[in-house]
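Open the model in your viewer and show it as a cartoon. The tour below moves from one selection to the next and says what is found at each stop.

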Amino acid sequence: MLSKLVKEQKLMKLKSIVAVVFLIFICLGINTPANATGAVSIPIKNAGFEDPFLEVKDYYTVNTPPGWSTYDPNGLIPEQPTVQTSYVGVTNATPSSAFYDQKVPEGRNMGSVYLAHEPGSGIAGLEQTLDTVLESNKNYTLLVDIGNSADGYKDISLADFPGYRVELLAGDKVIAVDHNSVYIKEGEFKTSMIKFTAKPDSPYLGQKLGIRLINSLQTLSGNIDFDNVRLSVESAVI
């Protein structure tokens with residue numbers, strides 16, 4: 001009888017310890033850092049440039065991909081582009097490609113921005129306004145895979161990398177940018193990353209977020225490719 005009583009007391013003590021540990025865990029969880037809560041993906045239309053569907057390897061279009069708009073502040077892209085002119089479009093580069101030593105990071109296609117003008121003539125690219133607005137006390141992370149094609153097409157050389165610029169916007173204001181911070185070898189893709197924290201006093205709160213993918217046209221080879229665009233948000237402790 002005594003042995004049974006001792007066992008019951010030990011069991012009650014063990015349950016009390018477990019309850020205390022659980023309460024401590026909950027209390028600590030209230031102050032858990034934002035990066036432990038998990039980021040939420042923000043929807044982006046045609047983020048991998050899989051629309052339109054291109055069945056033939058290395059085939060491409062010279063039309064703006066669905067979900068995106070042409071960004072052309074210097075008027076480099078004609079109203080009716082051709083393969084000889086500057087254009088924004090989509091290229092199928094999988095399962096293997098004349099332009100890359102690897103598969104495209106996501107799906108079959110990549111977004112392409114080709115500029116046929118002299119270096120320094122201006123910039124152009126793709127942009128998209130999202131349905132999500134900038135919120136206070138939030139951390140935003142924008143990731144974009146950028147490709148440096150390694151070969152040429154017919155008499156067009158793609159040997160040099162023209163440089164890139166990735167921008168995160170709120171309304172018409174650029175709030176964060178990555179300008180050529182990542183070195184990309186010929187035939188490879190590398191990931192550009194932008195981080196931005198929206199503070200309570202930001203004048204752009206409530207403005208729709210936007211993304212721009214830009215060809216900087218710093219060399220004679222005016223082609224650059226983009227793929228796998230991702231934007232996530234999580235709570236920030238400010």
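Which residue stands opposite Leu168 in S8? The residue is Ala176. Keep in mind throughout that the model is predicted.

**Overview**

Colour by secondary structure. The protein has 1 helix and 11 strands, and from the N terminus on the elements run α-β-β-β-β-β-β-β-β-β-β-β. Of its 238 residues, 42% count as buried. The accessible surface comes to about 13,000 Å², and carbon and sulfur atoms account for 56% of that area. Among contacts between residues at least 6 apart in sequence, 79% join residues at least 24 apart.

**Strand S7 and its partners**

Select S7, residues 164–170. This strand is mostly covered, with 6 of its 7 residues buried. Now add S8, residues 173–179. S7 and S8 pair in the antiparallel sense over 6 bridges, and Leu168 opposite Ala176 is one of the places to look. The two strands form a hairpin with 2 residues between them. In the turn, Gly171 has a positive phi of about 65°.

Next add S10, residues 208–215. S7 and S10 pair in the antiparallel sense over 7 bridges. Here Glu167 stands opposite Arg212.

**The open sheet**

Extend the selection to S2 and S5. An open sheet of 5 strands appears, in the order S2-S5-S10-S7-S8, with antiparallel pairing. S2 and S8 stand at the edges, each with a single partner strand, so one side of each has no neighbour in the sheet. From one strand to the next, the twist averages 25°. Strands of a sheet pair through backbone hydrogen bonds, either parallel or antiparallel. At the S2 end, S2 and S5 pair in the antiparallel sense over 3 bridges, and Ser69 stands opposite Glu127 in S5.

**Gly210 in S10**

Centre on Gly210, which is found in strand S10. Is Gly210 buried or exposed? Gly210 counts as buried because its relative accessibility is 6%, below the 20% cut-off. Measure the C-alpha distance to Leu169 in the viewer: the two residues are 41 residues apart along the chain, and their C-alpha atoms are separated by 4.6 Å. Leaving aside neighbours within four places in sequence, Gly210 is in contact with Glu167, Leu168 and Leu169, and also with Gln128, Thr129 and Leu130.

**The nonpolar core**

Hide the cartoon and show side chains. The largest nonpolar core holds 39 residues, and Tyr140, Leu142, Ile146, Leu213, Val229 and Leu231 touch the most other members. The elements that give two or more residues to this core are S3, S5, S6, S7, S8, S9, S10 and S11. The largest share, 5 residues, comes from S11.

Pick Leu213 and list its surroundings. Leaving aside neighbours within four places in sequence, Leu213 is in contact with Phe49, Trp68, Ala124, Gly125, Leu126, Val144, Arg165, Val166, Phe226 and Val229. Apart from the largest core lies another core, of 6 residues, among them Phe99, Tyr100, Met110 and Phe189.

**The loop between S1 and S2**

Move to the loop between strand S1 (40–41) and strand S2 (69–71), where Thr61 lies. Thr61 counts as buried because its relative accessibility is 14%. Leaving aside neighbours within four places in sequence, its contacts are Pro52, Leu54, Tyr87, Gly89 and Val90.

Pro52 is worth selecting too, as its place is in this loop between S1 and S2. What kind of peptide bond joins Asp51 and Pro52? The bond is cis, with omega about 10°.

**Two positive phi values outside glycine**

Select Asn180, in the loop between S8 and S9. Its phi is near 60°, a positive value in a residue other than glycine. Asn180 is partly exposed, with a relative accessible area of 30%.

For the last stop, select Leu217, in the loop between S10 and S11. Leu217 is not a glycine, yet has a positive phi of about 50°. Leu217 is buried, with a relative accessible area of 1%.

Definitions and conventions:
Residues are numbered from 1 along each chain as its sequence is written. This is a predicted model: local features need pLDDT of at least 70, side-chain atom pairs count only at pLDDT 80 or more; totals for chains, interfaces and linings use all residues. Side-chain values use heavy atoms; hydrogens and water are left out. A nonpolar core is a set of buried Ala, Val, Leu, Ile, Met, Phe, Trp, Tyr and Cys residues joined through side-chain atoms within 4.5 Å. Buried means under 20% relative accessible area, exposed over 50%, partly exposed in between (1.4 Å probe, protein chains only). Helices (H or I, at least four residues) and strands (E, at least two) are DSSP runs, numbered from the N terminus. Contact means heavy atoms within 4.5 Å. Accessible areas come from the Shrake-Rupley method with a 1.4 Å probe; for residues, only the protein chains shown count as cover. Two strands pair if DSSP finds at least two bridges between them. Axes are lines fitted to C-alpha atoms, for helices over the stretch in contact, and angles run from 0 to 180 degrees between N-to-C directions.
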